[in-house]
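This report introduces one structure to a reader who has not seen it before. The sequence and the structure come first, and the notes follow.

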Amino acid sequence: MKLLVTDAEGQLGRALGRLVSARSIEAVLIPDAELNLNDRDAVTALLRQHRPDYVINAYVHNDLEPEVCVDSCWPHQIDTGVAVLAAACQDAGIALLQVSSEQVFDGNKTTAYSEQDVVQPVTAAGRGFSQAELAVREQCEHHLILRSSWVFGADRPNFLTHIIREAQEQDVIRVLDTQRGCPTAAADLARVVIAMLEQVDCDVDPPLWGTYHYAGSDVTHWHIFAEAIVKATKSCIDVEVESVEATYPPGQDERQRPQNLELSTRKILATFGIKQLPWRRGVQDALKICFEPPPESSGAGGAS
């Protein structure tokens with residue numbers, strides 16, 4: 001199978017790049033800066049030029065700092081550009097895998113969200129992803145929508161890299177702790193994306209198109225996630241931080257983040273046989289990329 005990956009310089013895009021190179025999977029990696037998803041002619045020309053079997057729209061939302069206002073400016077063309085990409089894929093007969101987010105839910109449920117739960121976003125990011133999902137369903141018959149949560153890794157600014165920096169500069173790290181969810185390593189998410197497409201490529205019956213959830217195990221809170229990052233970082237470098245403190249807002253307001261965004265992964269396990277990997281292992285693996293010298297190259301990979 002041949003892949004085309006958008007946002008290839010992003011967090012998931014880089015993880016996918018490493019994976020397809022290691023496994024010699026043919027892939028065209030398109031950085032976000034080189035493709036305006038709102039330009040239908042450019043998107044159509046790109047698909048015609050490379051003729052992939054599958055397009056992976058690899059943009060993921062970064063929960064850089066939990067205390068950042070949830071209605072801050074939404075910088076990405078996820079809501080409008082995805083509609084253009086989906087329509088172009090449909091016209092070209094190409095399947096689309098769209099990465100989405102736990103932010104499409106309102107966070108009021110006390111148990112894990114399943115794919116059957118009603119989408120009701122309360123954040124700017126959630127509204128953007130919700131609109132993107134709708135566009136994919138309406139515009140592209142052969143599609144996979146993969147929702148994930150709290151994506152982290154060694155590449156680009158994200159919660160893990162933020163905590164590493166804070167650990168080197170601060171005695172105490174304070175983390176707003178009003179939300180529970182499931183951290184997901186970008187490398188783990190890349191593994192799942194490729195595993196799904198490999199099974200779809202086998203033309204199984206019935207077809208596997210649809211919406212799925214994947215996140216790392218286990219459910220946690222932001223300050224526990226931060227503590228795990230700090231503990232793992234201490235085994236790699238010297239740090240200044242002495243403690244991680246959970247902080248709580250003084251009152252409720254309309255900008256407060258959803259409280260529970262745990263995703264159920266039963267459907268992807270039942271359909272694809274894909275099991276969750278622990279996010280703590282993902283922290284260790286990401287830190288190796290951050291702090292250990294890269295291995296010597298043994299040959300050319302499959303990405304371009």
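## Two cis peptide bonds

This is a predicted model. Proline 206 sits in the loop between H6 and strand E10 (210–213). The peptide bond that leads into this proline from aspartate 205 is cis, with omega near 5°.

A second cis peptide bond runs from serine 217 to aspartate 218, and its omega is near 15°. Aspartate 218 belongs to the loop between E10 and strand E11 (220–221).

## The largest nonpolar core

The largest nonpolar core has 33 residues. Those with the most contacts inside it are Leu3, Leu16, Ile56, Leu146, Met196, Ile268 and Phe272. At least two residues of this core come from each of the following elements: strands E1 (2–6), E3 (54–57), E4 (95–101) and E5 (143–148), and helices H1 (11–22), H6 (186–200) and H8 (266–272). Helix H6 gives the most, with nine residues.

Apart from this core lies another, of 23 residues. Leu160, Trp222, Phe225 and Val244 are among its members.

## Contacts of isoleucine 56

Which residues does isoleucine 56 contact, leaving aside its neighbours within four places in sequence? They are Leu3, Leu4, Val5, Thr6, Leu16, Leu97, Val193 and Leu197. Isoleucine 56 is also one of the residues with the most contacts inside the largest nonpolar core.

## Two residues with positive phi

Arginine 51 has phi near 50°, a positive value in a residue other than glycine. Its place is in the loop between helix H2 (40–50) and E3. Is arginine 51 buried or exposed? Its relative accessible area is 63%, which is over 50%, so arginine 51 counts as exposed.

Tryptophan 150 likewise has a positive phi, near 50°, and is not a glycine. This tryptophan is found in the loop between E5 and strand E6 (151–152). Its relative accessible area is 2%, which is under 20%, so tryptophan 150 counts as buried.

## Histidine 50

Histidine 50 is part of helix H2. Its relative accessible area is 17%. Because this value is under 20%, histidine 50 counts as buried.

Not counting residues up to four places away in sequence, histidine 50 touches Lys2, Leu4 and Val28. Leu4 also appears among the contacts of isoleucine 56.

Key: Residues numbered from 1 in each chain as written. Predicted model: local features only at pLDDT ≥ 70, side-chain atom pairs only at ≥ 80, totals over all residues. Heavy atoms only, no water. Core = buried A, V, L, I, M, F, W, Y, C linked by side-chain atoms within 4.5 Å. Buried < 20%, exposed > 50% of the residue type's maximum accessible area, 1.4 Å probe, protein only. Helix = DSSP H or I, 4+ residues; strand = E, 2+ residues; numbered from the N terminus. Contact = heavy atoms within 4.5 Å.
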